[in-house]
Structure formats: structure tokens, C-alpha cells
Amino acid sequence: MSKIALVTGATAGIGEATASKLAEEGFNLILTGRREARLLHLKNKLEQRNVRVLPLCFDVRDETAVKQSLSQLPQEWQQIDILINNAGLAAGLSSLHEGKSDDWNRMIDTNLKGLLYVTRAVTPGMVARGSGQIINIGSIAGKEVYPNGNVYCATKYAVDALTRGMRIDLLPYGIRVTQICPGAVETEFSLVRFHGDASRAGKVYEGFENLVAGDIAECIWFVVTRPSHVNVNDMVVMPTAQATATLFHRTYNPR
Ligand code: NDP
Ligand code: 8X3
């Protein structure tokens with residue numbers, strides 16, 4: 001029987017690329033996000049690969065919506081083998097004294113509380129079955145704090161801590177827990193961070209070869225395909241031209 005993976009934030013970027021990779025490899029997929037049209041488009045596209053796709057449209061910040069969606073899964077979707085906690089965002093890039101509490105709340109509610117709500121809904125089934133795999137998408141921002149990254153970095157440090165906490169708590173049940181921490185990946189991430197300012201977002205990736213979403217999907221595939229006695233705890237994946245969160249080798253001045 002085909003395995004089932006649930007990917008949060010599948011409407012764009014890393015989540016969408018991961019969904020495509022897993023569909024290619026024969027996984028049935030529960031795909032989530034807020035943009036319903038994109039979820040439906042993805043369902044139609046991926047089902048051409050002879051896998052089944054269940055699109056679930058909800059905001060991970062809405063605990064009631066998360067609980068309702070995931071507690072009412074049709075019988076054939078209830079055995080989730082792999083949970084990929086990917087939905088997340090940065091909002092703004094400001095010094096703390098100039099930061100906007102709306103941005104802070106969006107990041108904390110999505111990256112931290114949203115990940116918790118989804119995990120809380122999915123893990124009891126894994127515990128009952130004594131198997132499962134959870135992959136949390138952290139960030140280099142959860143390993144190093146950088147100027148003006150303050151709250152985004154704090155949420156990704158929290159993902160790092162939660163990944164370790166989950167691994168400890170789920171140890172007796174044979175559930176594998178992994179964190180993948182990418183450096184700069186060109187997705188909609190910077191467009192979202194800069195509130196739709198495409199010119200500012202584009203500059204982030206100028207002058208060096210960034211990662212693409214498919215690179216992270218390949219890392220996820222590596223983690224998923226290890227034998228069941230092998231767990232990858234933590235994987236930091238950077239562009240070759242990026243040494244730290246802020247140090248890039250740009251071949252020309254992007255400005
Ligand atoms: P994108 O903006 O391209 O994709 C983000 C995804 O998250 C979208 O599918 C979006 O779906 C979903 N999402 C955001 N907020 C919510 C919400 N409240 N409820 C449900 N879904 C939500 O960014 P990336 O693919 O780059 O980001 C994916 C993850 O990777 C994030 O956790 C990010 O922090 C992390 N990351 C990204 C890096 C990068 O350089 N790009 C580097 C390191 C980590 P929708 O809008 O439809 O709800
Ligand atoms: C995204 C990477 O360092 O640009 O998590 O914030 S960073």
C-alpha cells in the first residue's frame with residue numbers, strides 16, 4: 001500500500017516542490033495551505049502521476065480549523081506516515097525597536113504555534129501505530145541570529161528546540177524526527193518577507209547561485225528513504241556561495 005505524507009504549505013516553494021517529488025515517488029498526499037485554487041491545481045497536476053491527493057485548505061494559525069480538518073479525515077487518509085511541517089514565513093526585516101507587532105504575531109503564530117497545532121493533531125495516530133516520521137523545516141536563521149532577523153530567528157530557534165523535544169518525547173514510539181535547515185532558497189519567501197516588494201525580494205538572490213526549492217525536496221527525499229533504524233537528526237543545507245546567514249560570495253555588487 002502506498003504511504004501517506006502530509007505537507008503543510010504546499011501551495012508554493014519548498015512545500016510544493018516536496019509534494020511533486022513525493023508524488024513522483026508514489027506517495028499519496030495530504031496537501032495544505034490557505035490558497036485553495038493553488039491546492040486544487042496541484043491536486044489535478046499530481047494526480048496525473050497516479051497518486052491520490054487530498055487538498056485541505058486552512059490557516060495553520062487557526063487551532064480550531066486545524067483540529068477540525070485533521071480530526072475528520074476520511075478513513076483511508078487517517079494513517080499519516082510522514083508529516084512535513086513546512087508552512088512558515090518571515091514578515092519584515094527590522095531592528096527590534098522599529099519592528100511591527102503584527103509581523104511578530106504572524107511569524108510566531110505561523111512558524112511556532114501553527115507547527116504545534118498540526119503536530120498535536122497528527123502525532124497521536126503515529127503514537128498509536130508505533131511508527132511515523134516528522135520533518136520540520138527550520139532554517140539557518142534557527143542556528144545563527146542575524147541583524148534585524150530577531151523574531152524570525154527566534155521562531156526558527158524555537159523550531160530547533162521543538163524538534164529536539166519531539167524527538168525525546170516520541171522516542172518510545174519509534175517515531176523519527178528530523179529538522180532540515182536551509183540557507184537562501186529562492187521561493188516566494190522574500191516576497192512575503194518584504195510585503196510584496198518584488199524589487200527588494202529579487203535583490204536577496206542577486207549575484208550568487210541560490211538554492212531552489214527542489215534542492216530541499218531532494219534532501220527531504222534522502223531523509224525519507226533512510227532505513228527505519230536510521231534517523232537524520234539535523235541537516236543544514238546552504239548554497240555553496242553562502243557561508244553564514246549573512247556572508248555571501250556575490251560575483252558582482254547587486255545594488
Ligand atoms: P513560500 O513563501 O514560497 O511558501 C510558504 C508556504 O507556507 C506557502 O505554501 C504558504 O501557503 C504556507 N503558509 C504560510 N503561512 C501559512 C498559514 N498561516 N497557514 C497555512 N499555510 C501557510 O516560502 P518557502 O517555501 O521558502 O518556505 C517554506 C519554509 O521554509 C518556511 O517554514 C520557511 O521559513 C522555511 N525556510 C525558507 C528559506 C528560504 O530561503 N526560502 C530558508 C530556510 C527556511 P499559503 O500562502 O497558501 O497559505
Ligand atoms: C530563511 C533564511 O536566513 O534568509 O529562513 O532568513 S534567512
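**Reading a predicted model: charge, fold and strands**

The protein carries 27 positive and 25 negative side chains, and the centres of the two sets are 2 Å apart. The model is a predicted one.

Colleague: How many helices and strands does the protein have?

Modeller: The protein contains 8 helices and 9 strands. Its radius of gyration is 18 Å, close to the 18 Å given by the globule rule for 255 residues, so the protein is as compact as a globular protein of that length. Along the principal axes, the C-alpha atoms fill a box of roughly 55 × 35 × 35 Å.

Colleague: What share of the residues is buried, and what do carbon and sulfur atoms supply of the exposed area?

Modeller: A residue counts as buried when its relative accessible area is under 20%. By that criterion, 49% of the 255 residues are buried. The protein exposes about 12300 Å², and 51% of this area comes from carbon and sulfur atoms.

Colleague: Among contacts between residues at least 6 apart in sequence, what percentage join residues at least 24 apart?

Modeller: The figure is 70% for this protein. Thr178, which belongs to strand β6, offers a case to inspect. Beyond its neighbours within four places in sequence, Thr178 contacts Ile134, Ile135, Asn136, Thr163, Arg167, Val223, Asn231, Val232 and Asn233. Thr178 counts as buried because its relative accessibility is 0%, the cut-off being 20%.

Colleague: How should one read the side chains along a strand, and which of them in strand β9 are buried?

Modeller: In a regular strand, side chains alternate between the two faces of the sheet. Strand β9, residues 234-237, shows this alternation. Met235 and Val237 point to one face and are buried, whereas Asp234 and Val236 point to the other face and are not buried.

Colleague: Which strand is joined to β9, and do the two run parallel or antiparallel?

Modeller: Strand β6, residues 175-182, is joined to β9 by 4 bridges, and the two run parallel. Within this pairing, Pro182 has Val237 of β9 as its bridge partner. Val237 is also one of the buried residues of β9.

Colleague: To take a helix for comparison, where is Ser190 found, and is Ser190 buried or exposed?

Modeller: Ser190 lies in helix α6, which spans residues 189-193. Ser190 is buried because its relative accessible area is 2%, which is under the 20% cut-off. Apart from neighbours within four places in sequence, Ser190 is in contact with Ala201, Val204 and Tyr205.

How values were computed:
Residues are numbered from 1 along each chain as its sequence is written. Chains are lettered from A and ligands numbered from 1 in the order in which they are written. This is a predicted model: local features need pLDDT of at least 70, side-chain atom pairs count only at pLDDT 80 or more; totals for chains, interfaces and linings use all residues. Side-chain values use heavy atoms; hydrogens and water are left out. The radius of gyration is taken over C-alpha atoms; the globule rule is 2.2 Å times the number of residues to the power 0.38. Buried means under 20% relative accessible area, exposed over 50%, partly exposed in between (1.4 Å probe, protein chains only). Contact means heavy atoms within 4.5 Å. Accessible areas come from the Shrake-Rupley method with a 1.4 Å probe; for residues, only the protein chains shown count as cover. Lys and Arg count as positive and Asp and Glu as negative; His and the chain ends are not counted. The place of a charge is taken as NZ of Lys, CZ of Arg, CG of Asp or CD of Glu. Two strands pair if DSSP finds at least two bridges between them.
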